[in-house]
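Please read these notes with the structure open beside you. They go point by point, and each point can be checked in the viewer.

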Amino acid sequence: MNPKILEAVAEALSAGYQLHPDAIDFLEAVADRLDITAVLKTVLQGKTGLEVQETVIMKKDLESAFSGLLAEEEVDVKHSAPASSDIEAEIEIVKDPTNNLSPLPSLEGYRALFESRLHKLYNIVKERPDAYQIQPISRLKDTPGQNAKIAGLVMEKQVRRNSTTLTIDDETGSLDVFVTDPDVKKTASELLNDQLVIADIAFTKSGGVVARNLFHPDVPDRKPGFSKKRLYAVLTSDIHVGSKTFLLDAFQRFVLWLSGRLGDEYIASRVKYVVVAGDVVDGVGIYPNQDKDLEETDVKLQFSKLAQLLEQIPVHIKILLTPGNHDPVRQALPQPAFPKSYAEPLFSISNITMLGSPSYVRLHGVNILIYHGRSLDDVVATTPGLSYAKPAAAMKLLLKARHLAPVYGGRTPLAPEREDHLVIDQVPDVFHAGHVHVVDRDNYRGTLILNSGAWQAKTSFQEYMGIEPTPGIVPIVDLSSLEVITRDFTKPLR
Ligand code: D5M
Ligand code: FE
Ligand code: ZN
């Protein structure tokens, strides 16, 4: 028996009590979580005042004392956590494309981009235990019955009733692979055009190639990084200042809440970061006839209005701003940080950091991938079973593909860069995107996936598309546990 329990039993005996065997089992189970002599002491104190003398300590006696102590301990931890104004910010910009962009002429550029994509994804594939089995397509021997593995980009996907055909290209050649097995067809249906796939193939007697199995590059199952301090990061996006449907009242309430003027003090005073994943303003000329939806038609003035709101956020809270498809930077991914020419008023706010999209930022040891999410349109449009109501499922596919915008020639413009900055070459602890205007979350193999909603009410375009946004609702991440809570700022709190 655990010596601490022997000691506790002896102490109970000397006070004239016995422990029921179930009570001893209970002590065994909790011995390394709590100070059991303290638990026992509480129980004995409770027993001494009783009119009817009870001399046996039951399991239920211990349970109630134990839960009381546990609650006290938790309260202690909470109240001893300092406010975020007493904690220095720890922002490590791990990766930001802004100063590494140099688009090449189109033809040469896209060739370089895809070479870079393949190269970076091969480096990811190299970590697989079966990597040594992967062969270049040009070296495959088409002996019937022969198995092999290949890795290449999905150039085409033809879905028919009974089979799917994938055209897979690597650096050495191209191969058509048939998929008939129902489980493998399911994986095939999740593959995005131009993403990397690993295929376990077999040659048939008739000279065809079938997929025995298909694999995403994927992320390993792991424990994410946590902050040692209890601090919160508000993850938000799609503010759309300048739009007639921007929810000014809700955003003002959010700003007041951050400055501690709306109560909810425990959470509000521990917010250290506000991370914004793009579409900070509504922009101009983003879609045909946007003018009629705008309250402010000058982009610079949209930024002034945004600055007037953000400057009310206390300076100890650090604000990270990244662009989206409504913002006045290039539309093609990756996007650089806001230039001074448009966003001048933001540059005089000392607690704002501007970054490009996508960027990786480590906050107190938590690696956050921030990306607006334009390519979610392509993912939703081309993958059966996905919808705008559940953007986290679409984000999960990007994570599995290890690429933020694989589809070339779809709705998401890609810049002809020498390096493919959109490969997810480090596994993030948090994957934060917006664009869809729907708060949604998931956890995939240790990564928190979070779509961060919006501050814009339903637009006529969304009405037409059947999209139900969840504006004014803000996810708040506890960096010490990656647990998520939300607050709804569309109405007064409580
Ligand atoms: O995107 C706001 C919402 O509208 C988001 O749910 C995606 C959807 N959206 C935006 N552009 C398109 C296209 N081209 N097709 C389908 N759905 C789209 P925002 O970027 O704020 O305008
Ligand atoms: Fe948006
Ligand atoms: Zn957007």
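1. The model is predicted. A convenient place to begin is a pair of helices: the axes of helix 9 (residues 299–310) and helix 10 (residues 340–347) come within 8 Å and cross at roughly 20 degrees. Angles under 35 degrees count as roughly parallel, so helix 9 is roughly parallel to helix 10. The crossing of helix 9 and helix 10 is right-handed.

2. Which residues make this contact? On helix 9 they are Val299, Lys300, Phe303, Ser304, Leu306, Ala307 and Leu310, and on helix 10 they are Ser341, Tyr342, Ala343, Pro345 and Leu346. By class, the contact of helix 9 with helix 10 has nine nonpolar residues, two polar and one charged.

3. Next, the iron ion. Asp238 (OD), His240 (NE2), Asp279 (OD) and His437 (NE2) coordinate the iron ion (ligand 2), at 1.9 to 2.3 Å. Along the chain, the donors of this iron ion have the spacing D-x1-H-x38-D-x157-H. One pair among the donors links distant parts of the chain: Asp238 sits in the loop between strand 9 (232–236) and helix 7 (248–258), while Asp279 sits in the loop between strand 10 and helix 9, 41 residues apart. Asp238 and Asp279 are both buried.

4. Then the zinc ion. The protein donors of the zinc ion (ligand 3) are Asp279 (OD), Asn325 (OD1), His372 (NE2) and His435 (ND1), at 2.2 to 2.3 Å from the ion. The sequence spacing of the zinc donors is D-x45-N-x46-H-x62-H. Here too a pair links distant parts of the chain: Asp279 belongs to the loop between strand 10 (271–277) and helix 9, and His372 to the loop between strand 14 (366–371) and helix 11 (376–382), 93 residues apart. Asp279 and His372 are buried.

5. Which residue bridges the two metal ions? Asp279 bridges the iron ion (ligand 2) and the zinc ion (ligand 3). The zinc ion and the iron ion lie 3.2 Å apart. When you look at this site, start from Asp279, since Asp279 coordinates both ions.

6. Two peptide bonds deserve a check. Most peptide bonds are trans. The bond from Leu333 to Pro334 is cis, with omega near -5 degrees, and Pro334 lies in the loop between strand 11 (318–322) and helix 10. The bond from Ser357 to Pro358 is also cis, with omega near 5 degrees. Pro358 is in the loop between strand 12 (352–354) and strand 13 (359–363).

7. Two backbone angles deserve a check as well. Most residues other than glycine have a negative phi. Asp218 is not a glycine, yet its phi is positive, about 60 degrees. Asp218 is found in the loop between strand 8 (209–215) and strand 9. Is Asp218 buried or exposed? Buried means under 20% relative accessible area, and Asp218 has 16%, so Asp218 is buried.

8. Asp264 is the other case to look at: its phi is positive, about 55 degrees, although Asp264 is not a glycine. Asp264 lies in the loop between helix 7 and helix 8 (265–268). With a relative accessible area of 19%, Asp264 is buried.

Notes: Residues are numbered from 1 along each chain as its sequence is written. Chains are lettered from A and ligands numbered from 1 in the order in which they are written. This is a predicted model: local features need pLDDT of at least 70, side-chain atom pairs count only at pLDDT 80 or more; totals for chains, interfaces and linings use all residues. Side-chain values use heavy atoms; hydrogens and water are left out. Axes are lines fitted to C-alpha atoms, for helices over the stretch in contact, and angles run from 0 to 180 degrees between N-to-C directions. Helices (H or I, at least four residues) and strands (E, at least two) are DSSP runs, numbered from the N terminus. Angles under 35 degrees count as roughly parallel, over 145 as roughly antiparallel, 65 to 115 as roughly perpendicular and the rest as oblique. A crossing is left-handed if the near helix is turned anticlockwise from the far one by less than a right angle, and right-handed if clockwise. Contact means heavy atoms within 4.5 Å. Ala, Val, Leu, Ile, Met, Phe, Trp, Tyr, Cys and Pro count as nonpolar, Asp, Glu, Lys and Arg as charged, and the others, Gly among them, as polar. Donors are N, O and S atoms within 2.8 Å of the metal (3.2 Å for Na, K and Ca); water is not among the atoms, so sites may look incomplete. Buried means under 20% relative accessible area, exposed over 50%, partly exposed in between (1.4 Å probe, protein chains only).
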